[in-house]
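Open the model in your viewer and set it to a cartoon view. The stops below say what to select and what is there.

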Amino acid sequence: MAQKVVLKIMTMNDEKTKKKAIEAVADIYGVDSIAADLKEQKMTIIGEMDTVAIAKKLKKIGKIDIVTVGPAKEEKKDEKKDEKKDEKKDEKK
C-alpha cells in the first residue's frame with residue numbers, strides 16, 4: 001500500500017539544495033512522486049518505499065524533521081468529500 005511521507009528539510013533554502021534532495025530521494029526504490037516546496041522547506045514523497053531509507057539519504061543533505069507518515073489514499077478521499085460538500089452548499093444557494 002502506498003504511503004505519503006512529509007518531511008521538513010531545514011537546510012533546503014535554495015534551488016541547488018532542493019535539486020540535491022530530490023535526486024537523493026529519486027534513487028530510492030518504490031518512490032512514485034516527489035514534491036518539494038522551498039518556501040515551507042517541505043518535501044512530500046508518495047510511494048511504496050522505506051521511510052527510514054528516505055530519512056537516512058536526506059540526513060546527508062541537512063537536518064530533517066518527519067512531519068507525517070501515513071497512507072496516501074485516505075487524503076485523496078477526504079479531499080473528494082470536501083469538494084462534494086462544497087458543491088452541495090453552492091447548489092443550495
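## A buried lysine first

Select K18 and show its surroundings: apart from neighbours up to four places away in sequence, K18 contacts M12, A36 and L38. This is a predicted model. K18 lies in helix 1. Is K18 buried with a salt bridge or without one? K18 is buried and has no salt bridge. The nearest side chain of opposite charge is E15, 4.3 Å away, and that distance misses the cut-off because a salt bridge requires the nitrogen within 4 Å of a carboxyl oxygen.

## The whole chain

Zoom out and colour by secondary structure. The protein chain has three helices and four strands, and along the sequence they follow the pattern β-α-β-β-α-β-α. Of its 93 residues, 29% count as buried. Among contacts with a separation of 6 or more, 67% are between residues 24 or more positions apart. The accessible surface of the chain is about 6,800 Å², and carbon and sulfur atoms make up 49% of that surface.

## Helix 2 and what covers it

Select residues 51-59, which form helix 2. Which residues of helix 2 are buried? They are T51, I54, A55 and L58. These residues lie on the same side of helix 2, because they cover an arc of only 100° around the axis. Now add strand 1 (3-9), helix 1 (15-26), strand 3 and strand 4 (64-71) to the selection; these are included in what covers the buried residues of helix 2.

Stay on L58 and show its contacts. Not counting residues up to four places away in sequence, L58 touches L7, I9, A21, V25, M43 and I64.

## The largest nonpolar core

Next, select I9, V25, M43, I45, M49, I54 and L58. The largest nonpolar core has 15 residues, and these are the ones that touch the most other members. Strand 1, helix 1, strand 3 and helix 2 each give two or more residues to this core. In soluble globular proteins, nonpolar side chains tend to be buried together.

## A loop residue to finish

Move to the loop between strand 2 (31-37) and strand 3 (42-47), and select Q41, which is found there. Is Q41 buried or exposed? Q41 has a relative accessible area of 18%, so it counts as buried, the limit being under 20%. Setting aside neighbours within four places in sequence, Q41 is in contact with L7, K8, I9, M10, M12 and N13.

Note on methods: Residues numbered from 1 in each chain as written. Predicted model: local features only at pLDDT ≥ 70, side-chain atom pairs only at ≥ 80, totals over all residues. Heavy atoms only, no water. Buried < 20%, exposed > 50% of the residue type's maximum accessible area, 1.4 Å probe, protein only. Contact = heavy atoms within 4.5 Å. Arc of directions from axis to C-beta. Core = buried A, V, L, I, M, F, W, Y, C linked by side-chain atoms within 4.5 Å. Lys, Arg positive; Asp, Glu negative; His and termini not counted. Areas by Shrake-Rupley, 256 points an atom, 1.4 Å probe, with all protein chains shown as cover.
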